[in-house]
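Q: I'd like to slow down and look closely at one part of this model. Could you walk me through it in plain language and explain the terms as they come up?

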Amino acid sequence: LSLHDALPILAIARSRDKLRSLQVLSKNDVDMPKTVFASNQSNAKDVIALSGGAPLVLKILEGTQGVGVVLVDSEKAAKSVLDAFYGMEVNLLVQEYIEEAGGADIRAFVVNGEVVGAMKRQGAEGDFRSNLHQGGSSTAYKLNRKEKATAIAAAKAMGLGVCGVDMIPSKRGPLVME
């Protein structure tokens, strides 16, 4: 297997690892929500402070489809949830909560450096998670110039020829979630 042949395999492996993919995106200056990695060795107060304070979104590192994603509205609640996960030796990503998104996100589909489609996903009534597996809905969506550029930059940073890029709208512009 040559290095050239191994690159797509490496890109796919990186994209399946939430922590590694966020590191790659950050290194390539792709805008993301403020994110902190937390393990049972982490001090909960430090994690909360580094991630910008409550409200916060806590995500189990190995979770998918919205499972293991918790919104905490106070620093006291964040500490309690972190301590509970630490007791189970679960690794977490702690992210700032983007309230202005209103429980919606955007998934852009990128093929060979071009956006070929997009959808807006909206969480079920009262749920901040937009995952379809959690009762959310989706509609076709036309990306603006900044959203297109962000999706293409994320795909390029990851080295993926075909991918879906999940972004959340914010006051700072689109932020890549994964």
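**Starting from one tyrosine**

A: Let's begin with Y141, which counts as partly exposed because its relative accessibility is 27%. For that label, under 20% relative accessible area is buried, over 50% is exposed and in between is partly exposed (1.4 Å probe, protein chains only). Before going on, keep in mind that this is a predicted model, where local features need pLDDT of at least 70 and side-chain atom pairs count only at pLDDT 80 or more, while totals for chains, interfaces and linings use all residues. Residues are numbered from 1 along each chain as its sequence is written, and side-chain values use heavy atoms, with hydrogens and water left out.

Where is Y141? In the loop between β7 (137-140) and α5. These labels are DSSP runs numbered from the N terminus: helices are H or I with at least four residues, and strands are E with at least two. Setting aside neighbours within four places in sequence, Y141 is in contact with I106, A118, M119, K120 and E147; contact here means heavy atoms within 4.5 Å. Take A118: it sits 23 residues from Y141 in sequence, yet the two are 5.3 Å apart in space, C-alpha to C-alpha.

Now follow the chain from that loop into helix α5 (residues 145-158), which packs with helix α2 (residues 18-27) at an angle of about 110°, the axes being 9 Å apart. Axes are lines fitted to C-alpha atoms (for helices, over the stretch in contact), and angles run from 0 to 180 degrees between N-to-C directions. So α2 and α5 are roughly perpendicular to each other; that word covers 65 to 115 degrees, with under 35 roughly parallel, over 145 roughly antiparallel and the rest oblique. Who meets whom? S21, V24 and L25 from α2 meet A154, A157 and M158 from α5. Sorted by class, that contact has five nonpolar residues, one polar and no charged. Nonpolar here is Ala, Val, Leu, Ile, Met, Phe, Trp, Tyr, Cys and Pro; charged is Asp, Glu, Lys and Arg; the others, Gly among them, are polar.

Helix α2 also leads us to a sheet, since it lies across β1, β2 and β4 (92-96), running at about 45° to β4. Helix α4 (residues 75-87) packs on the sheet too, touching β1, β2, β3 and β4, and its direction makes about 10° with that of β2. The sheet itself is open, with four strands in the order β1-β4-β2-β3 and antiparallel pairing. Two strands pair if DSSP finds at least two bridges between them. At the edges stand β1 (35-38) and β3 (69-72); each has a single partner strand, so one side of each is left without a neighbour in the sheet. From one strand to the next, the twist averages 20°. Zooming in, β2 (residues 56-60) pairs with β3 over four bridges, and K59 stands opposite V69 in β3.

Finally, have a look at the loops. Most residues other than glycine have a negative phi, and most peptide bonds are trans. D29, in the loop between α2 and β1, has a positive phi of about 60° although it is not a glycine, and it counts as exposed at 68% relative accessibility. E89 lies in the loop between α4 and β4; its phi is positive, about 55°, and E89 is exposed, at 62% relative accessible area. The peptide bond from A54 to P55 is cis, with omega near 0°, and P55 belongs to the loop between α3 (44-50) and β2.
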